[in-house]
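Subject: A structure for you to look at

Hi there,

Here is the structure I promised to pass on. Please open it next to this note, and take your time with it.

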Amino acid sequence: MLTRSLALLREADPQEHAPASATGSGLTYLALTSDVEKDYAVHLRIAGEGESAPRDPAEKSVVLTLGGTMELEAFRHGGDVDADTPWYVRQFAPENIYACHPGTLHSVEQSEDAVQLVISRGATPAVGRSLSVEEYRLAADRAQQLLGHVLESRGAAVAQISS
């Protein structure tokens, strides 16, 4: 998935993909590909602007952590958010996966080196503002560096195990 995600990112046209990318609530979603007929979109998610905030997604999605760590807090209802008492908290490391769906009130915080692959129903799975073409380029460069570091560390780990 790492190499395929990196290939999709390198193939992505910033002019075409920037409008379907977004940043806000501490997360940036970089559009990689989508299929309107089959009703899905694929994004890479990295740290973004703003503070983490609970949200109720409008779409179903599956998230695979490729690098870094992220923490998910899930809430039963708005009262739990107001009282800051999540009913479920979990940290995700590389190769961990989770699914979310409408009605799952949750927030995500992640390390600066975190990158996730997000596959969702519909279009953009994010709240916030759309990225400009230049912002997309900068975020894509950052995501490529993050994925490159993950691949390097995996290669070093394999070499160490082999010796």
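Below is what I found, starting with the model itself and moving on to the sheet, a helix, some aromatic rings and a few single residues.

**The model**

This is a predicted model, in which local features need pLDDT of at least 70 and side-chain atom pairs count only at pLDDT 80 or more, while totals for chains, interfaces and linings use all residues. Residues are numbered from 1 along each chain as its sequence is written, and side-chain values use heavy atoms, with hydrogens and water left out.

The pLDDT (the predictor's confidence in each residue, from 0 to 100) averages 90 over the chain, and 93% of the residues score at least 70. Helices (H or I, at least four residues) and strands (E, at least two) are DSSP runs, numbered from the N terminus. Among the elements of the chain, helix H2 (residues 14-17) has the highest mean pLDDT, 96, and helix H4 (residues 133-162) the lowest, 85. As a general caution, where pLDDT is low, the predicted coordinates should not be read in detail.

**The sheet**

Seven strands form an open sheet with antiparallel pairing, in the order E7-E4-E9-E3-E2-E1-E10. Two strands count as paired if DSSP finds at least two bridges between them. At the edges are strand E7 (97-100) and strand E10 (129-130), each of which pairs on one side only.

Strand E9 (residues 115-121) is a good place to start looking. On one side, strand E3 (residues 40-47) pairs with E9 in the antiparallel sense over seven bridges, and His43 stands opposite Val118 in E9. Strand E4 (residues 61-67) also runs antiparallel to E9, joined by six bridges, and here Gly67 stands opposite Val115. Because five of its seven residues are buried (under 20% relative accessible area; exposed is over 50%, partly exposed in between, with a 1.4 Å probe and protein chains only), E9 is largely enclosed by the rest of the structure.

Next to E9, strand E4 holds Val63, which is buried with a relative accessible area of 1%. Leaving aside residues up to four places away in sequence, Val63 is in contact (heavy atoms within 4.5 Å) with Arg45, Asn96, Ile97, Tyr98, Gln116, Leu117 and Val118. Val63 and Ile46 are 17 residues apart in sequence and 12 Å apart in space, C-alpha to C-alpha.

**Helix H1**

Which residues of helix H1 (residues 2-11) are buried? They are Leu2, Ser5, Leu6, Leu8 and Leu9. These residues cover an arc (taken from the directions from the helix axis to the C-beta atoms) of only 160 degrees, which puts them on the same side of H1. The exposed residues Thr3, Arg10 and Glu11 are on the face turned away from that buried side.

Ser5 itself has a relative accessible area of 1%. Not counting residues up to four places away in sequence, Ser5 touches Leu32, Leu44, Leu66, Leu117 and Leu147.

**Aromatic rings**

Rings of Phe, Tyr and Trp (its six-membered ring) pair if their centres lie within 6.5 Å; planes under 30 degrees apart count as stacked, over 60 as edge-to-face and the rest as tilted. By this rule there are two aromatic pairs. Trp87 and Tyr88 make a tilted pair, 6.0 Å centre to centre with 45 degrees between the planes. Phe92 and Tyr98 have ring centres 5.0 Å apart and planes at 40 degrees, so that pair is tilted. Both Phe92 and Tyr98 are buried, whereas Trp87 counts as exposed at 51% relative accessibility and Tyr88 is partly exposed at 34%.

**Ser21**

Finally, have a look at Ser21, in the loop between H2 and strand E1 (22-24). Ser21 is buried, with a relative accessible area of 1%. Beyond residues up to four places away in sequence, Ser21 touches Tyr29, Leu30, Ala31, Arg129, Ser130, Leu131 and Tyr136. A polar atom of the Ser21 side chain lies 2.9 Å from the backbone nitrogen of Ala31. Ser21 and Glu59 are 38 residues apart in sequence and 15 Å apart in space, C-alpha to C-alpha.

Enjoy exploring!

Best wishes

Notes: Polar contact = N/O pair within 3.5 Å; in protein donor to acceptor, adjacent residues only side chain to side chain.
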